[in-house]
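Colleague: I am new to this structure and would like a close look at a single part of it. Could you take me through that part slowly, and then turn to the enclosed spaces?

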Amino acid sequence: MREFGTTVFAEMTALAVRTGAINLGQGFPDTDGPPAMLEAAVRAIHGGLNQYPPGPGVPELRQAVSAHRKEHYGLDYDPDGEVLVTVGATEAVAATVLALCEAGDEVVVFEPYYDSYAAAIALSGAVRRPVTLRPVAGRFAFDPDELRAAVGPRTRAILVNSPHNPTGTVFTRDELAAIAEVCLDRDLIAITDEVYEHLTFDGVEHIPLATFPGMRERTVMISSAGKTFSATGWKTGWVCAPGPLTGAVQAVKQFLTFTASAPWQVAVAHALRHELGWVAALRDDLQTKRDRLMDGLAAAGFEVLRPAGTYFVQTDIRPLGFTDGLALTRELPGLAGVVAIPTQVFYDRPEYGRHFVRFAFCKRDEVIDEAAARLAALAGAAARGSAG
């Protein structure tokens, strides 16, 4: 783990605190989730649900997750054996990789990738095989030929994140079909991180890879409550997979955290059954916030790529005269009083993402507006530099 020091999120959040800058870096909302869900957690705490819950998760949540998968995607998962509650999706991904990958195995990932993926693969002794997402017609996409070329005799799994952090892309049906074809042809397991499943915009549909023919049997489907219900601090996630795969993940998970916090599980079970109307309103609100931030970033001189989902907007910094996102984000609090995330840290090959910077729009409107006003100073600085 020597290559994994302090995460970029910790560095940039500390920078925001130290400088008083607006934090558009780390993807956490600055408002709470549905009030009835919060009250359900309070009732659970006062009702005595404060000791170890069952290792697989409380039955109410496992049943609610199973019902949700059936209702939204037509996928049947037995809550007693095919659903496992985890400490967020981060643990779910790590436990899955540790359970299913041996030293020397290979895992295909789409870069830029969420940073915990690389750490989980390293902990398992496996090797990353990146496939690069590149801007094509205004969205990030992959070349199916590059995906096929990345798969070798030691490849064990493909780790798929859609809606995708950090690019905001949502894989199309054709892209997912290409992934499914590779998995079936090469006998691979798919590990799917779908935490932003309900946060897609402009009518774009999220399609789980497990719904494709032959894929339910070889897919570990992961999601969580954090993004869906604006409760990232609750760290309540889940795995849905065939019994043998779920059992393997639980065998690892029990020695990582053993179980997940009981009160949040009961509250999330309530939310999955009763608060999806609140989530639909959240999605609409986030789409408006996305557009609000995109307008501000464009006015500041960034080239802005339109995300179809998640909390994040990707920008190209070169029109402003900058070429190194890491250097810019370390200077940005002083230049404009805003913190963002350099996308290059999410690549095996940083040069492919050096000119991209990610901004989060899951913030109150007044925060977005103030950030946009501050970022306008960059456009003025760029203009003065050009004139000079």
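Modeller: In this model, which is predicted, a good place to begin is Q63, which belongs to helix α3, the helix made up of residues 59-73. The relative accessibility of Q63 is 38%, and because partly exposed covers the range between under 20% for buried and over 50% for exposed, Q63 counts as partly exposed. Turning to its surroundings, and leaving aside residues up to four places away in sequence, Q63 touches P79 and R273. Another residue to look at alongside Q63 is D78, which lies 15 residues from Q63 in sequence, while the C-alpha atoms of Q63 and D78 are 8.2 Å apart in space.

From here we can move to the enclosed spaces. Rolling a probe the size of a water molecule over the atoms shows where empty space is left. The count of cavities of 30 Å³ or more comes to two. The largest cavity holds about 60 Å³ of space, and its lining consists of V160, S162, F171, L176, T192, E194, H206, I207, P208 and L209. Sorted by character, the lining of this largest cavity has six nonpolar residues, three polar ones and one charged residue. The second largest cavity, with a volume of about 30 Å³, is lined by F110, Y113, Y114, Y117, L159, N161, H164 and N165. In the lining of the second largest cavity, five residues are nonpolar and three are polar, with no charged residue.

Technical notes. Residues are numbered from 1 along each chain as its sequence is written. This is a predicted model: local features need pLDDT of at least 70, side-chain atom pairs count only at pLDDT 80 or more; totals for chains, interfaces and linings use all residues. Side-chain values use heavy atoms; hydrogens and water are left out. Helices (H or I, at least four residues) and strands (E, at least two) are DSSP runs, numbered from the N terminus. Buried means under 20% relative accessible area, exposed over 50%, partly exposed in between (1.4 Å probe, protein chains only). Contact means heavy atoms within 4.5 Å. On a 1 Å grid over the protein atoms alone, a cavity is a set of points where a 1.4 Å probe fits but cannot get out, and a pocket is an open set with protein on both sides within 12 Å along at least five of seven lines; lining residues have an atom within 4 Å of a point. Grid points are joined across faces, edges and corners, and a volume is the space filled by probe spheres set on the points. Ala, Val, Leu, Ile, Met, Phe, Trp, Tyr, Cys and Pro count as nonpolar, Asp, Glu, Lys and Arg as charged, and the others, Gly among them, as polar.
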